[in-house]
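Me: Hi! Could you walk me through this one while I have it open?

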Amino acid sequence: MFLRSGLHHCNKAHRNVWPLCKNFSNGTKHTHVRPDWNKAVSDAEKIVGYPTSFLSLRWLLSDEIANVALHLRKLVGSSHPLLKTAKNLLYTGTNNMQAWGLIVLLISKTVGHSRDINEIEQDKSAGVLHSQRALAEVTEMIRTSNLIHKGLINIYPGLYSEEHVLTDMEFGNKIALLSGDYLLANSCAELAALKNQHLVELMSSAVRDLSEGEFVGRQDRQNNPLPPKDLHLTQSEQNTDLKQRIPKDNQGYNSFLENNSKESCLSIEEMSCSGIKSNENNLTTQKASTLENRPMKRHKPKTIRDIIDSLPFLQNNNEDISILFESHSQAVQDWTNRNLLLGASLLGKSCQGTLLLAGHDEAVQQLGYEFGKHLALSWQAFVELETFAHYQQQHTPSSDSNPPTSNELFSLVSAPVLFHLEYATPESRDKVVAQIDNGTDSIFNVDLNTVHQEVSQGPGVLLTKLLQHHHSTRALNVLFQFENSDARNALIKIIQVMDNS
Amino acid sequence: MVYISITLNFYPGTVAQWSQNQTQDQHQIHTSSHVHSPAPCPSSSHPSPILSSITSPVSVALTCRSYSSQQQPPVPELNQTVDPYQLLDEDMKDLYRDIRKELISNTNQEELRTIATYYFDGQGKAVRPMVTVLMGRAINYHLNRNELTEAQRQVAMFAEMIHSASLIHDDVIDQSDFRRGKPSVNVVYNHKKVAMAGDFILAVACQMISRLRDNDVTLTLSQIMTDLVQGEFMQLGSKETENERFAHYLTKTYRKTASLIANCSAMLGGADDQLSEVAFEYGRNLGIAFQLVDDLLDFISSSDAMGKPAAADLKLGLATAPVLFACEKYPELKPHDHATISRTRKHCVEAVRLANILAESPYQKGLIVLTDLVLNRMK
């Protein structure tokens with residue numbers, strides 16, 4: 001049932017950013033708390049024993065971290081991002097950082113463990129193994145370590161003119177580097193203590209993926225990611241046979257449509273409106289205003305009817321939507337590749353690893369990987385949507401005079417922007433591309449208001465919603481292969497809360 | 001005549017290649033700045049006169065013969081022609097190539113490949129893998145086996161990889177400009193990427209070790225990593241009183257340097273606990289001696305270059321051995337290098353004693369020569 005409610009998001013999206021979500025590409029987010037999310041998480045935590053936020057206490061109370069806290073004092077007053085990272089880790093710790101560990105524990109309990117496992121290894125009341133709990137903690141440590149290392153500043157000659165600022169920044173980098181190393185080394189040690197070399201190999205490769213992610217694509221001088229150039233052209237080069245028939249600007253999109261088209265009658269905008277209409281009755285006014293505000297006929301109507309037919313929540317046909325989201329779109333390829341490395345790989349491999357610890361065969365472990373990967377990607381798409389919507393709410397034209405803080409900025413490689421670059425009208429795309437090219441040195445030179453305005457009017461938000469829905473559906477499909485249990489229901493509930501927002 | 005060539009790295013800004021003639025008791029050292037070194041350290045071409053009073057390392061080695069256990073047949077004359085570098089030429093030849101291959105095969109990102117392999121260009125001293133392989137072979141010989149196992153080789157690779165990962169992170173922390181005769185990696189690439197490349201090397205190294213499917217090896221090697229980080233934290237500053245400072249320094253030195261050498265050389269397929277202990281203790285002593293000398297050289301070079309003893313170390317907040325000795329005995333911070341030297345010699349003597357427990361072989365002799373090399377770096 002909740003599968004069908006995905007499109008509600010389009011009109012209700014602008015509210016507080018979801019508390020759980022970390023923006024992988026842009027470091028940490030300090031966000032507000034939503035009651036339904038909190039309930040889903042605290043219910044889930046009860047199922048696996050005790051609040052997963054306790055996981056972090058052990059390393060939080062160690063000598064080294066106490067040492068770091070001492071040194072952090074010296075940085076107070078400076079603008080080093082480590083302070084913000086630390087603040088987010090400590091003050092929003094209950095719901096923020098522990099969510100991934102919680103997911104690992106819930107999937108562990110959902111699937112259960114092999115009968116061969118020694119009773120001593122089991123935490124009977126929680127229904128998970130002690131080793132699985134350790135793995136959940138390691139997952140959090142690896143992720144935190146990566147976030148901290150991402151929070152370094154690239155110091156280059158001329159960046160800071162004042163000597164004391166430079167000193168502060170260098171010191172902040174040093175502490176950030178050491179703290180991240182501390183977590184990484186200790187996660188290695190904890191993994192080694194589990195005495196499962198396959199698991200060590202798996203999790204090491206997740207660390208490798210995280211570090212590799214930092215190198216993907218165009219970046220500004222602080223390594224903030226920028227979208228690839230000519231996103232809309234890349235695909236056309238691969239589909240040379242389509243080149244002659246389709247105008248260059250829409251090739252990527254049309255090539256998909258060509259494959260599926262029966263008739264062409266709806267534009268992207270119309271698709272979004274009809275989707276909303278089919279799910280909610282009171283939206284006629286919204287539709288009217290949408291049509292009024294937007295120059296609907298700016299570009300050639302897209303052949304959309306078939307896309308709608310192929311949407312999973314409209315037709316329960318998952319295969320066709322997979323084609324859009326897994327092979328045909330350059331935007332999706334770029335987005336997926338980046339976010340796989342930057343997080344989905346870690347959650348996928350942790351979920352795989354926990355089933356390995358439980359003594360399951362490779363086929364079941366693979367299911368764990370699929371679940372974790374799709375859940376993480378769905379989360380990512382969701383965070384991006386929320387951030388994008390949140391930006392809109394805060395920066396209507398009247399508040400232009402207050403520049404947004406970096407916490408409220410949407411990423412230039414978030415799915416809505418990437419989709420826009422691939423599928424929007426040439427005029428709109430060129431406007432966005434021009435803005436993005438301003439960001440080669442620093443993304444703060446990009447006029448996000450313009451980008452936001454253009455992207456809001458394009459297909460990006462809706463396609464991102466579909467992308468998110470695609471991944472939640474895939475995650476749910478894995479869950480449905482396991483027996484009904486309270487842990488499984490908690491996972492479903494978490495996905496449901498996300499999908500219904 | 002054996003020709004040993006070691007590339008030494010001092011901390012900020014100094015690289016020198018030491019060519020060392022090891023045939024007789026008198027050690028003639030030529031120092032010359034590395035071809036690519038843009039900033040040769042003045043002190044490397046003018047060794048401090050303080051050091052000329054050190055006893056010849058060979059006589060050190062010979063004196064320690066008396067320490068050797070009784071069951072070992074007495075060796076009439078220590079064969080000084082053993083050159084560890086030449087001895088391990090075959091083993092070490094492909095080491096860097098294999099490490100590069102391992103790293104490159106793990107990513108498609110060109111820039112990551114470049115940064116991660118930056119220090120695996122064969123210009124390093126490769127002390128860690130060398131000790132590991134030497135000890136591995138010496139133990140193999142002791143146990144009547146011949147070949148270096150693949151596992152032993154991989155541990156040697158691991159040693160060098162972890163060392164490089166920590167060098168890369170050190171470069172970001174210390175903001176050093178030159179290392180191993182070329183610009184430090186943090187000068188050429190941006191800090192975040194360098195930090196990530198360090199994590200990447202560590203992850204690939206762990207992956208490689210996990211494929212040995214040996215729980216004990218993974219456990220021991222993960223201990224090295226926590227030691228390294230704890231050592232780094234200790235370097236940040238100490239809360240100890242004056243009296244405890246030197247103990248603090250030695251613990252730090254163990255964690256930062258010796259743990260890696262000791263644990264890696266103790267990783268031996270088939271050696272019993274007693275033998276592993278010998279290997280571990282040898283590595284520990286050698287590692288501490290090695291770091292003491294490193295700090296001493298650093299101290300001397302900073303004194304000479306800046307005309308102000310230990311200024312660099314004090315500025316960086318590091319507590320190195322000479323500074324500590326100086327603080328103990330000379331409030332005005334006059335270096336007291338002899339204390340460092342005698343301490344270093346003590347560790348080398350102990351290392352030689354341990355090496356002599358092993359059956360005599362070219363590799364076992366190599367282990368002894370290595371202690372000489374450590375002491376000789378001071379001249």
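Reply: Happy to. One cut-off first: a residue counts as buried under 20% relative accessible area, exposed over 50%, and partly exposed in between. Also, keep in mind that this is a predicted model.

Me: Good. Then is B:Arg213 buried, exposed or partly exposed?
Reply: B:Arg213 is partly exposed, since its relative accessible area of 36% falls between the two cut-offs.

Me: Where does it sit, and what is its phi like?
Reply: B:Arg213 is in the loop between H10 and H11 of chain B. Its phi is near 55°, a positive value in a residue other than glycine. For background, most residues other than glycine have a negative phi.

Me: Which residue does B:Arg213 form a salt bridge with?
Reply: The partner is A:Glu201, with 2.9 Å between the closest N and O atoms. A:Glu201 belongs to helix H9 (residues 197–213) of chain A, while B:Arg213 is in a loop of chain B, so this pair joins two chains. A:Glu201 counts as buried, at 19% relative accessibility.

Me: How many salt bridges are there over all chains, and how many between chain A and chain B?
Reply: Over all chains the count is 21. Between chain A and chain B it is 2.

Me: And how many residue pairs are in polar contact between the two chains?
Reply: There are 17 such pairs, counting those with both residues at pLDDT 80 or more.

Me: Which elements of chain A give two or more residues to that side?
Reply: They are helix H4 (63–75), helix H7 (130–150), helix H8 (163–193) and H9 of chain A. H8(A) has the largest share, with 16 residues. By type, the side of chain A that touches chain B divides into 18 nonpolar, 17 polar and 10 charged residues.

Me: What about the area buried between chain A and chain B?
Reply: The value is about 4100 Å², and carbon and sulfur atoms give 67% of that. Three residues, A:Leu178, A:Gln197 and A:Phe215, supply 18% of the area that chain A buries against chain B, more than any other three. The contact takes 45 residues from chain A and 41 from chain B.

Me: Back to charges. What does B:Asp98 pair with?
Reply: B:Asp98 forms a salt bridge with B:Arg153, and their closest N and O atoms are 2.1 Å apart. B:Arg153 is in helix H8 (residues 150–174) of chain B and B:Asp98 in helix H5 (residues 95–104) of chain B, so the pair ties together parts 55 residues apart in sequence. B:Arg153 counts as buried at 14% relative accessibility, and B:Asp98 does too at 16%.

Me: Which residues do salt bridges with shared partners join into one network?
Reply: That network consists of A:Glu201, B:Glu102, B:Arg211 and B:Arg213. You have met A:Glu201 and B:Arg213 already, as the pair with closest N and O atoms 2.9 Å apart.

Me: And B:Asp94, what is its salt-bridge partner?
Reply: B:Asp94 pairs with B:Arg97, with the closest N and O atoms 3.7 Å apart. B:Asp94 is partly exposed at 25%, and B:Arg97 is partly exposed at 40%.

Me: New topic: how many residues are in the largest nonpolar core?
Reply: It has 194 residues, and those with the most contacts inside it are A:Leu106, A:Phe371, B:Phe158 and B:Tyr282. H10(B) gives the most to this core, with 13 residues. Leaving out residues up to four places away in sequence, A:Leu106 touches several others, including A:Ala44, A:Val48, A:Ala487 and A:Ile494.

Me: What is the make-up of chain B in helices and strands?
Reply: Chain B has 17 helices and 5 strands. Of its 379 residues, 62% count as buried.

Me: Last one: where is A:Asn223, and is it buried or exposed?
Reply: A:Asn223 lies in the loop between strand S3 (218–219) and strand S4 (225–226) of chain A. It is buried, with a relative accessible area of 7%. Its phi is positive, about 65°, although it is not a glycine.

Technical notes. Residues numbered from 1 in each chain as written. Chains lettered and ligands numbered in written order. Predicted model: local features only at pLDDT ≥ 70, side-chain atom pairs only at ≥ 80, totals over all residues. Heavy atoms only, no water. Salt bridge = Lys/Arg side-chain N within 4 Å of Asp/Glu carboxyl O. Helix = DSSP H or I, 4+ residues; strand = E, 2+ residues; numbered from the N terminus. Buried < 20%, exposed > 50% of the residue type's maximum accessible area, 1.4 Å probe, protein only. Contact = heavy atoms within 4.5 Å. Buried area = accessible area lost by both parts, 1.4 Å probe. Polar contact = N/O pair within 3.5 Å; in protein donor to acceptor, adjacent residues only side chain to side chain. Nonpolar A, V, L, I, M, F, W, Y, C, P; charged D, E, K, R; others polar. Core = buried A, V, L, I, M, F, W, Y, C linked by side-chain atoms within 4.5 Å.
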